[in-house]
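Thank you for making the time this morning. I would like to walk through one structure with you, taking the surface before the interior and ending with the aromatic rings.

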Amino acid sequence: MSLKVKTISGVKWTTASTIFVTVLQLLQLAILVRFLSPVDFGLMAVVMVVMGFAGAFIDMGISNAIIHKQHITHNQLSSLYWLNVFVGFMMFGVVSASAPFVASFYHDDRLIELIVWIASTFIIQSFSQQFGVLWQKEMRFGEIAKIEIINKSFSFVVSVALAYQGYGVYSLVYASIAAATTQTLQYLYLGLKEHRPSLRFQAEDIRPFMSFGLYQMGERTVNYFNFQIDTILIGKLLGLEALGIYNIAKQIVMRPAQIFNPIVTKVTFPAMSKIQDDIPKLKEVYLKTINCLSSINFPVYAFIFVFAHEIVMIMFGAKWLEAVLIIQILSIWAAWRSTGNPIGSLLMARGRADLGFWWNLGLFFYVPFGVWISSHWGLVGVAIGLNAIMATLVYPGWKFLTNPLCGAGFVEYHAQILKPALVAIVAGVGAFLSVTFLDNIWIKFFVGGSVGLILTLVLNRYFNYEFLDELKGFVK
């Protein structure tokens, strides 16, 4: 298949998988809030921050290096495979040893057992990680999507069944272990038929990957810390119950980007890697990616902003209404943040993980301070503070990353964001006005959603026709 056909096929499969998994996770969240308390979600938020931070080290940044490099020998893959396994065991030990310190930081000993249990997923996943990376490199997103659907479905059943049986926060922990196990077994069963790593580990095999990988690992680590600093500080300064409420709000606003961005970026990274030396073509693909994601994400975030109260009432019930204002403020931040996500694909496609590392290292000394200052005004202060931080990064982000990597001008780049933003704002205002005198939640959803969708399509037709042309081409 041609690169274009592979890309379109990959987008279709990734779309189907992502939408299915996200709907399943939202359903899971809506069910679990009936059985779990805000403190349970606060505990799990802390556990996942620890796991996410450690996860940045799990493959030493090697996975993206494998996708970036176009020619790799079997011996190199074998050495890299056993490196993954070794690091998996090592990270289990490091995270388990750190559990008492995390529990002491948050003054809750329950965190020790929770962290140790879920850290076992590092060992489990290390045996199958390389197979998924090779499939992604080959753009075999159909197989990846099927495995994702199966293991997330199994995780859903486990979490709901255990929550109903009264396992509390452990229902989330055991579900994560179940998902990791199911995924690993599938990749091993299918992957070993095509690629069987040799019992070989040589330093010279992995050396060509380490420079790219270490920068990628450093960039991931610092970026994840910057993204989760709000969670870390809220749990410490405002308590685990406040963190549980904030975490629910953050999960809601991150869903659109978690649905749509991976659909595109998972596919565009290997595609961009294949045209990494054709800068004009790379710029064209990148700007289209930004416009496409903004045109899809922004109207959804406008809908979340307008109907945050109704979303909370339907999904979680009245006891979670404190999250409404947080959701509205964070929806603006999440929409803004979603435009920066594709830069990761561009960085890796150009082999400039070092640039991403230095950028995120700079944010490491800036973002935590801003979040700490804004935390003095509670959850609302943190949400507003995140938006203020994003506003100050608009020009530096373009100057330091976008322009050097693909040559896009400031106006040229931001025009791809501004047009979808204006369309979403107008459509959101129209949706709000259309339901002003309605009381029934479901009727509000239907009428407001319909009006917003129609306005979005009409406005895109006249002011952002490039997006609709791309969408038509994809459908064909």
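Let me begin with helix α16, residues 367–374, which gives the most to a nonpolar patch, contributing 3 residues. Please keep in mind throughout that what you see is a predicted model. The patch lies on the surface and is formed by Leu237, Leu238, Phe369, Trp372, Ile373 and Trp377, which together have about 640 Å² of accessible area. Isoleucine 373 is a patch member that has its place in helix α16. Is this isoleucine 373 buried, partly exposed or exposed? Its relative accessibility is 33%, and because the partly exposed class runs between 20% and 50%, isoleucine 373 counts as partly exposed.

Turning to the interior, the largest nonpolar core has 99 residues, and those with the most contacts inside it are Val95, Leu111, Phe316, Ile327 and Leu330. The element that gives the most to this core is helix α10, residues 240–274, with 11 residues. There is also a second core, separate from that one, with 8 residues, among them Tyr81, Phe141, Ile144 and Tyr187. To return to phenylalanine 316, which residues does it touch once its neighbours within four places in sequence are left aside? The contacts are Leu29, Ala30, Val33, Arg34, Ile248, Ile252 and Ile311, so that the list includes an arginine as well as leucine, valine, alanine and isoleucine residues.

That brings me to the aromatic rings, of which the structure holds 23 pairs. One of them joins phenylalanine 105 and tyrosine 106, whose ring centres are 4.9 Å apart and whose planes stand at 85°, so the pair is edge-to-face. Within that pair, phenylalanine 105 counts as partly exposed, at 36% relative accessibility, whereas tyrosine 106, at 12%, counts as buried.

Another pair is made by phenylalanine 364 and phenylalanine 365, with ring centres 5.3 Å apart and planes at 85°, and it is therefore edge-to-face. Here phenylalanine 364 counts as partly exposed at 31% relative accessibility, while phenylalanine 365 is exposed, with a relative accessible area of 64%.

Finally, aromatic residues also gather in a group, since Trp117, Tyr167, Tyr170 and Tyr174 form one aromatic cluster.

Definitions and conventions:
Residues numbered from 1 in each chain as written. Predicted model: local features only at pLDDT ≥ 70, side-chain atom pairs only at ≥ 80, totals over all residues. Heavy atoms only, no water. Patch = residues over 30% accessible without salt bridge, like charges linked within 9 Å, V, L, I, M, F, W, Y side chains within 5 Å. Areas by Shrake-Rupley, 256 points an atom, 1.4 Å probe, with all protein chains shown as cover. Salt bridge = Lys/Arg side-chain N within 4 Å of Asp/Glu carboxyl O. Helix = DSSP H or I, 4+ residues; strand = E, 2+ residues; numbered from the N terminus. Buried < 20%, exposed > 50% of the residue type's maximum accessible area, 1.4 Å probe, protein only. Core = buried A, V, L, I, M, F, W, Y, C linked by side-chain atoms within 4.5 Å. Contact = heavy atoms within 4.5 Å. Phe/Tyr/Trp six-rings, centres within 6.5 Å; stacked < 30°, edge-to-face > 60°.
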